[in-house]
Amino acid sequence: MTKSSESIIQLNKDKFYGKGTHKKCFIHPQDANLCIKIPYNEGGKIDLLREIKYLDILKNRNKDYSILPKYYGEVTTSLGTGYVFELIKDYNDDTSITLEDVLKNHDLFAKMYSTVETLLKSLKCALFDNEIITMGIFPENIIFQKTSSQEYRVRIVNDMGSGVLIPLEYYFSYFAKSKVTRRWSQFINTLRTDYDSTLINKLIEEIK
């Protein structure tokens, strides 16, 4: 038995939100607060299934993983199986800026420096306190979500979970904290290498 056309979510270019190495993202046609991720190669499906499994593990371990996007399940779309996630955006429906956006704009970085420092310290605490594992921490995946005209919260998207065959860091605090330490050190090195400036160096000293 085939699914009726009414049960298939139609995705078109009007709802296209973005594209990565393995996945395309569309705004959900029926709910603008959600997005549908579509893998367009085998790597995309592997990534999504890893992330979904990891969110379940965090939930079962009673961890606070609110810095990560919520997952709402699978849907059938005109482009194949889609995976529905929270669409992270500002309180007024504007697109949230990323750390990369800020770092590439010197004037904006200078203006937001204190906010960026506070948010990255908050991110570091959330990762360590809740033992949240990522494949890497990248400026383009760190979201500064505006929750009011004056307030932000930090979120992180993509590359959630571990790519190793037997992820001991999912179940043992020692391995989890060691992995988070390595990922944070790699993040600091990325900042130092890719965005070298006096202001970046000052930031690194505060958050390393």
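**Exercise 1. The open sheet**

Task: determine in which order the strands of the open sheet are arranged, and which strands lie at its edges.

Solution. In this predicted model, local features need pLDDT of at least 70 and side-chain atom pairs count only at pLDDT 80 or more, whereas totals for chains, interfaces and linings use all residues. Residues are numbered from 1 along each chain as its sequence is written, and side-chain values use heavy atoms, with hydrogens and water left out.

Step 1: take the elements as DSSP runs numbered from the N terminus, where helices are H or I of at least four residues and strands are E of at least two, and let two strands pair if DSSP finds at least two bridges between them. On this basis 5 strands form an open sheet with antiparallel pairing, in the order 1-2-3-5-4.

Step 2: strand 1 (16–19) and strand 4 (71–77) each pair on one side only, and these are the edge strands. Neighbouring strands of the sheet are turned by 30° against each other on average, direction ignored; the axes behind such angles are lines fitted to C-alpha atoms, for helices over the stretch in contact, and angles run from 0 to 180 degrees between N-to-C directions.

Step 3: follow the pairs from the edge. Strand 1 and strand 2 are antiparallel over 3 bridges and form a hairpin with 3 residues between them, with Lys19 opposite Lys24 in strand 2. Strand 2 (residues 23–27) is then joined by 5 bridges to strand 3 (residues 34–39), again running antiparallel, and here Cys25 stands opposite Lys37 in strand 3.

Step 4: add the helix. Helix 1 (residues 42–60) packs on the sheet, touching strand 2, strand 3, strand 4 and strand 5 (80–86), and its direction makes about 40° with that of strand 5; contact means heavy atoms within 4.5 Å.

**Exercise 2. A loop and its residues**

Task: for Glu131 and Thr134, establish where each residue lies and whether it is buried or exposed.

Solution. Step 1: Glu131 lies in the loop between helix 3 (106–129) and strand 7 (142–146), and Thr134 is found in the loop between helix 3 and strand 7 as well.

Step 2: buried means under 20% relative accessible area, exposed over 50%, and partly exposed in between (1.4 Å probe, protein chains only). Glu131 has 4% relative accessibility and therefore counts as buried; Thr134, at 3%, is therefore buried too.

Step 3: the backbone of Glu131 shows a positive phi of about 55° although the residue is not a glycine.

Step 4: a polar atom of the Thr134 side chain lies 3.2 Å from the backbone oxygen of Gly136. Leaving aside neighbours within four places in sequence, Thr134 is in contact with Ile156, Asp159, Met160, Gly161 and Arg183.

**Exercise 3. The buried side of helix 5**

Task: explain why the buried residues of helix 5 can be placed on one side of that helix.

Solution. Step 1: in helix 5 (residues 198–207), the buried residues are Leu199, Ile200, Leu203, Ile204 and Ile207.

Step 2: because these residues cover an arc of only 140° around the axis, they sit on the same side of helix 5; the arc is that of the directions from the helix axis to the C-beta atoms.

Step 3: the buried residues of helix 5 pack against helix 2 (99–103), helix 3 and helix 4.

Notes. A polar contact is a pair of N or O atoms within 3.5 Å; within protein, one must be able to donate a hydrogen and the other to accept it, and residues adjacent in sequence count only if both atoms are side-chain atoms.
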